[in-house]
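Biologist: I have a structure to show you. Let us go through it question by question.

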Number of protein chains: 2
Amino acid sequence: MDESKRNVMKNKVINLIDELSEYGKTENDGVTRTLFSDIWMETQSFLESDLTKKGFTTMFDEVGNLYGTVRGTQDTDETIMIGSHIDTVVNGGKLDGQLGIVAGIVAIEELIEEFGLPKKNLEVVSMAEEEGSRFPFTFWGSKNIVGRVAEEEVKGLVDQDGVSFIEAMTDKGFGFRNNNSLARSDIKAYIELHIEQGGVLEKEEKSIGLVNGIVGQKRFLIEIDGEANHAGTTPMGYRKDSLHGASKMIDSIIELGKEFGDPLVVTIGRLDVTPNTSNVVPGKVIFSVDTRHTNNEIVNEFISKFSELIESISRDMDLNTKVNQYMDGYPVPMDEQLITHMEKICISKGMDYKIMHSGAGHDAQIFAPKVPTALIFVPSRKGISHSYLEFTNPDDYMSGVELLKELLYEIAY
Amino acid sequence: MDESKRNVMKNKVINLIDELSEYGKTENDGVTRTLFSDIWMETQSFLESDLTKKGFTTMFDEVGNLYGTVRGTQDTDETIMIGSHIDTVVNGGKLDGQLGIVAGIVAIEELIEEFGLPKKNLEVVSMAEEEGSRFPFTFWGSKNIVGRVAEEEVKGLVDQDGVSFIEAMTDKGFGFRNNNSLARSDIKAYIELHIEQGGVLEKEEKSIGLVNGIVGQKRFLIEIDGEANHAGTTPMGYRKDSLHGASKMIDSIIELGKEFGDPLVVTIGRLDVTPNTSNVVPGKVIFSVDTRHTNNEIVNEFISKFSELIESISRDMDLNTKVNQYMDGYPVPMDEQLITHMEKICISKGMDYKIMHSGAGHDAQIFAPKVPTALIFVPSRKGISHSYLEFTNPDDYMSGVELLKELLYEIAY
């Protein structure tokens, strides 16, 4: 692609991101746009008219997802879907989610300008929700597209102002799907471009991450009961110190996680001490364990090993410890053929890429078990996300858009 | 002492404790009686009239301490003072403090009944305050008696309802001492009987603890700055995990403390994580260290060793750690001659005693640097104190009262 063409495309992307970012703009130039809010509805409506203006055929589905389609000239029962989510966390950035929608729109525009209409349908999707930031439910958009939502799952949910999920949804004219299954058999691939939300690409000076799998997340709460005692009058030998036990467990779990090696990660992010007073031996400690891996067997092996460690430390220290698992997500591999395609493009275009996993969840993991799915990462400065400080150098994300455009050309033309 | 005499004395102690415990009685049969409250004033007034009835000469000093004196027949410039504090923590028990006052009153009553008036003056003191439970200031009673309070120390203090220390004090007719120094040269010994507030005597099945020293308390806050990161997208090798660092430090500090051995104790009682969310690598941790010993040199050696450990762990893990000391109390030895006296009595009476240190603070530590001081412990069931569950078997505390009586006979008759 020559330099002037590249600049035109870059400006299109930057302009559309800027236009979208006016919807829900916060004081410090971030974005707050939660599911079924007024500003969320205005954003989807703006996108609908923008897509129409650009020649896409638009449609809302029953649950709030917006589609913009360019019909193919040949395989009209085959659709390549490109997109991401339009919602944000509270005080989020300008790239998480909407960059994937903008990338799809601009890539398709450019393809048509350069090569005319595609053989297969190209369809951009602006999905209603992924973050779970208004209601305690995630992937509302993609789960509906693949038919993985039961009405019961959201029926009791309310936001922090007491508005129910259903009330918020019907207020904007949406509802449940009539037939909650993957009605569409035309989707032949789903492709998502997203910021990494981690610091790996930046640290390794790569513009592109080709995601080979999204980790499965497993979460636990470890509850340790010891004995609260006076810090002065209880000799060391008479103590049942739950925080001392927790310290040994935390160190052992993390060191064991390091031994397992990448891509396993394990995080103890939350720890609460009772009574949490400097002159009382801690009677009770609760801490969380979050562990993720792209291989379910390996992460389960890790879990069974750290559970043994917890049990043995607890026994040695005469503590009473419970291990409660409250999340059991499975790893999801991305489509190998699409990765091979993308890798070839990166090599031929001289792009600095890295084949990597995703440690965070994305809509792509909902599509992947149903249709061939690709997830393209672009770098996040300092790994920061879910913050107005979220930033990617436009030259980097334009490498991602260029890769997306080339991939679409290869599979849809 | 024959059985019936012992029972009369026991009933006197039980009755006076019960009478006193009506003042500030809580729903669950505990006691709340904080400095300069109405109920505190009523308690001191009740005690004043009780002491008068029993033949003591009573007096309040300027700051709120109540004294009941029996003049000696011979050495009238020499006074043996016996007592403890009349205030309690919020929802405290019936023994912490007032048992030492009641023990003094009953022991003196019995001595006079049996042997007539003493040679030296015997004086019971019901000290205004020791707990620091209304205002953030401790040992108001004993510090005033030995002249260790500067007006400035309490001038700015307010309770949680916004009432100032001075307002509360003057409201009950008290004020600062005219001459804030140890005006009285007549006090030749101070003797305090107190519940152990720990579980050592119970575990070792002893009725009496002869305290040889009160620990010095040193307190620290350790502040660790790492880097808050996404739990999924940050590989283990890229983390600066402040809670992992804290875990290693806590385990090392406690294990080192155990190596130092009794009577050293070290407690990490408080730990706060920021942001304290299961899916974020902890950016910041603050934890407390409380360490106590009867030997100042040894505890300082321990502190310098654990500070080195903290520094080395912090450096290895690329964390930024600050160690701030906010309390530096010195150990206080009790009078050796008095201990020898008491030990002989215990042996001759066949009492199960243990020479031990105190891990908690007591009025005795304020007196000890100025006058020969003895501290007698009686067991605390399960080591529980500062709770309505506080309990000592009357047969155990009566051993303490009997020891006190014998000691007073030896030194004042």
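Biologist: What rotation superposes chain A on chain B?

Modeller: This is a predicted model, so every value here is computed from it. Two copies of a chain are related by a rotation about an axis and a shift along it. Here the shift along the axis is 0.1 Å and the RMSD is 0.1 Å. That is the relation of a two-fold axis, and the rotation is 180°.

Biologist: Which residue of chain A comes closest to the rotation axis?

Modeller: The distance is taken from the C-alpha atom to the axis. It comes to 2.2 Å, and the residue is Ser247(A).

Biologist: How many residues of chain A are in contact with chain B?

Modeller: Contact here needs C-beta atoms within 7 Å. On the chain B side, 48 residues take part. On the chain A side, the number is 48.

Biologist: Which element of chain A gives the most to the side that touches chain B?

Modeller: Several elements each supply at least two residues, among them helix 7 (200-203), strand 9 (265-267) and strand 12. The residues of that side divide into 17 nonpolar, 21 polar and 10 charged. The top contribution is 9 residues, and it comes from helix 8 of chain A.

Biologist: How many residues of domain 1 of chain A are in contact with domain 2 of chain A?

Modeller: Domain 1 covers 3-214 + 331-412, and domain 2 covers 216-328. Their C-alpha centres lie 38 Å apart. Domain 2 brings 8 residues to the contact, and domain 1 brings 4.

Biologist: How do the residues on the domain 1 side of that contact divide?

Modeller: The side of domain 1 of chain A that touches domain 2 has no charged residues. The rest divide into 1 nonpolar and 3 polar.

Biologist: Which side chains of strand 10 of chain A are buried?

Modeller: In a regular strand the side chains alternate between the two faces of the sheet. Strand 10 spans residues 271-274. Asp272(A) and Thr274(A) point to one face and are not buried. The other face has the buried pair, Leu271(A) and Val273(A).

Biologist: What is the bridge partner of Val273(A) in strand 12?

Modeller: Strand 10 and strand 12 (residues 284-293) of chain A run antiparallel. They are joined by 4 bridges. One of the residues paired this way is Val273(A), and its partner is Val285(A).

Biologist: How many residues of helix 3 of chain B are buried?

Modeller: Helix 3 of chain B runs over residues 98-115. Its span from first C-alpha to last is 25 Å, close to the 26 Å expected. Gly116(B) follows the helix with a positive phi, near 80°. The helix is mostly covered, and of its 18 residues the buried ones number 13.

Biologist: Which proline of chain B is joined to Asp262(B) by a cis peptide bond?

Modeller: Most residues other than glycine have a negative phi, and most peptide bonds are trans. Here omega is about 0°. The proline is found in the loop between helix 8 (242-260) and strand 9 (265-267) of chain B. It is Pro263(B).

Biologist: Where in chain B is Pro275(B) found?

Modeller: The peptide bond from Thr274(B) to Pro275(B) is cis, with omega near 0°. As for its place, Pro275(B) is in the loop between strand 10 (271-274) and strand 11 (280-281).

Biologist: Is Asp318(A) buried or exposed?

Modeller: Asp318(A) is not a glycine, yet its phi is positive, about 60°. It is found in the loop between helix 9 (296-316) and strand 13 (320-328) of chain A. A residue with 12 or fewer other C-beta atoms within 10 Å counts as exposed. Asp318(A) has 11, so it is exposed.

Biologist: How many C-beta neighbours does Asn91(B) have inside 10 Å?

Modeller: Asn91(B) also has a positive phi of about 60° although it is not a glycine. Its place is in the loop between strand 3 (75-85) and helix 3 of chain B. Asn91(B) counts as partly exposed because its neighbours number 15.

Biologist: What distance separates the C-alpha atoms of Ile366(A) and Ser242(A)?

Modeller: Ile366(A) sits in helix 11 (residues 364-367) of chain A. It is buried, with 24 other C-beta atoms within 10 Å. Its contacts beyond four places in sequence include Phe139(A) and Arg148(A). Ser242(A) is 124 residues away along the chain, and the separation is 40 Å.

Notes. Residues numbered from 1 in each chain as written. Chains lettered and ligands numbered in written order. Predicted model: local features only at pLDDT ≥ 70, side-chain atom pairs only at ≥ 80, totals over all residues. Buried ≥ 20, exposed ≤ 12 C-beta atoms within 10 Å, placed from the backbone. Pairing = 2+ DSSP bridges. Domains from an automatic or database assignment. Contact = placed C-beta atoms within 7 Å. Nonpolar A, V, L, I, M, F, W, Y, C, P; charged D, E, K, R; others polar. Least-squares fit on C-alpha atoms with pLDDT ≥ 70 in both. Expected span 1.5 Å × (residues − 1).
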